Amino acid sequence: MPVPAIAVIATVDTKEAETRFLRDFIRARGFAAPVLDVSTYLPHGLEAEYPRETISQLGGAAFADLGKLRRDAMMEAMGRGAARVLQDLYRRGELRGVLGIGGNQGTAIASIAMQGLPIGVPKVIVSTVASGNVRPYVKYKDIVMFFSVADLLGGPNTVSRTILSNAAAAVIGMARDGLPLERGQKSVIAVTAFGNTNAAVAAARELLEEKGYEVIAFHASGACGSAMEELIEEGWIQGVLDLTTHELIGEVFGDDIYTPLRPRLEAAGKRGVPQVVAPGGLDYFCFGPPESIPPKYRGRPTHYHNPYNTNVRATAAELERVGRVMAAKLNGARGPVAVLIPLRGWSENGRAGGPLYDPEADAALMRALEENLEAGIGLVKVDAHINDPEFVDTAVRILDEMMAQVKKGQEQG
């Protein structure tokens, strides 16, 4: 039986000594440490289990031709090739974790490779750029980033030796003692959440758990909602209570800081997973500090959530467009769908008297849904606020009924 492996991804031409150190450290603790050499330029003396020529070929480019590509295309090719190696090791049951090291280039390649693995496989990158904006590297995967503190040049030193060994020990610890994703006995319901819809989410979770479901909440931050879509796609989730669909406004307009990293409101429909959908948080855009608000959104009703998060009211025209997109996505669903509209507001700040209260704008989305949803999709209007018990009770009841219908059909089929 093959020795469990922790793969090391590195641009060996500039990080040879660091790669050797990590390989030896991991091997000394009982794991294989196959090296994926993703370097693109200089000669070196380390014989990698997966040479750069192999990596580049798997990524769709002959190594001799890499220099003809634009630099970003080079990085993407090496990332794709490394991803294929990792996926193959994972399918064979040999991969227990991945450790990448690099500057900007190595971090980009390692992150592309790691994003091809399922959630749950330990993934760590030691990076010189980890103290900056890491969202492009992490996206919606469970990638841990260690700031290297010192540059990764010239081999392990007083500083980098400790950082590198800590990172390797972290992956080894995850591989040895971490719990993999495992399917339980209960059906899993995904619920989407915001602070502005927290009361509804908390109440729904309690009700669903009383009915025997396991409930997993996903913050509608662009990354969490995207992760939820992947987990639905992979079959980990059997029902969706999509109370907080805020990410859709970012998907449609692209300006929101919570713009999703993959399309929302699609995976459940493709798999036939029951879903109850509400417009939680769709009444506003999320931006950073006030000075970061794009000029075209200024001058509107605004809620200053905290020093780093500002909410700007969406207009009727914008919500009409969002409603058409939502309808188009849900119309393609293979499973049961219901859209619930709370007529008294979609967020805590969208209540009557709140800074984002605008029932006329909200009505534009509802009209778009009425005009564009196909006949088989229920559109239920509830004379309540999204955080009111009446709305939550209705949403949970409808989803539970859908789940029972699907289960009955499966048992009979």
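## Around Leu 95

Start with Leu 95 in this predicted model. Skip the neighbours within four places in sequence, and Leu 95 still touches Ala 5, Ala 7, Leu 86, Leu 89, Tyr 90, Leu 117 and Val 121. Leu 95 is also one of the residues with the most contacts inside the largest nonpolar core, a set of 32 residues. The others on that list are Ile 9, Leu 36, Val 38, Ile 55, Leu 86 and Val 98.

Who supplies this core? At least two residues each come from β1 (5-10), α3 (71-91), β3 (95-102), α4 (104-114), α5 (135-138) and β5 (143-147). The top contributor is α3, which puts in 9 residues.

There's a second core too, separate from that one, with 28 residues. Its members include Leu 248, Leu 265, Phe 285 and Ile 293. Keep Leu 265 in mind, as its backbone comes up again below.

## Strand β13 and its partners

Now for β13, which spans residues 337-342. How many of its residues are buried? The count is 6 of 6, so the strand is mostly covered, given that buried means under 20% relative accessible area. Val 337, Val 339 and Ile 341 point one way, while Ala 338, Leu 340 and Pro 342 point the other way, and all are buried.

β13 pairs with β9 (residues 275-277) through 3 bridges, and the two run parallel. In that pairing, Val 277 has Val 339 of β13 as its bridge partner. β13 is also joined to β14 (residues 378-382), by 5 bridges and again in parallel. Here Pro 342 is matched with Val 382 in β14. To get from β13 to β14, the chain goes through helix α12 (residues 359-372), making a right-handed β-α-β crossover.

## Two positive phi values

Most residues other than glycine have a negative phi. Which way do Lys 139 and Leu 265 go? Lys 139 isn't a glycine, yet its phi is positive, about 50°. Leu 265 is another non-glycine residue with a positive phi, near 60°.

Both sit in loops: Lys 139 in the one between α5 and β5, Leu 265 in the one between α9 (247-253) and α10 (267-271). Are they buried or exposed? Lys 139 has 35% relative accessibility, so it counts as partly exposed. Leu 265 has a relative accessible area of 3%, so it is buried, and it's the residue already met as a member of the second core.

Notes: Residues are numbered from 1 along each chain as its sequence is written. This is a predicted model: local features need pLDDT of at least 70, side-chain atom pairs count only at pLDDT 80 or more; totals for chains, interfaces and linings use all residues. Side-chain values use heavy atoms; hydrogens and water are left out. A nonpolar core is a set of buried Ala, Val, Leu, Ile, Met, Phe, Trp, Tyr and Cys residues joined through side-chain atoms within 4.5 Å. Buried means under 20% relative accessible area, exposed over 50%, partly exposed in between (1.4 Å probe, protein chains only). Helices (H or I, at least four residues) and strands (E, at least two) are DSSP runs, numbered from the N terminus. Contact means heavy atoms within 4.5 Å. Two strands pair if DSSP finds at least two bridges between them. A crossover is right-handed if, with the strands pointing away from the viewer, the path from the first strand over the helix to the second runs clockwise.
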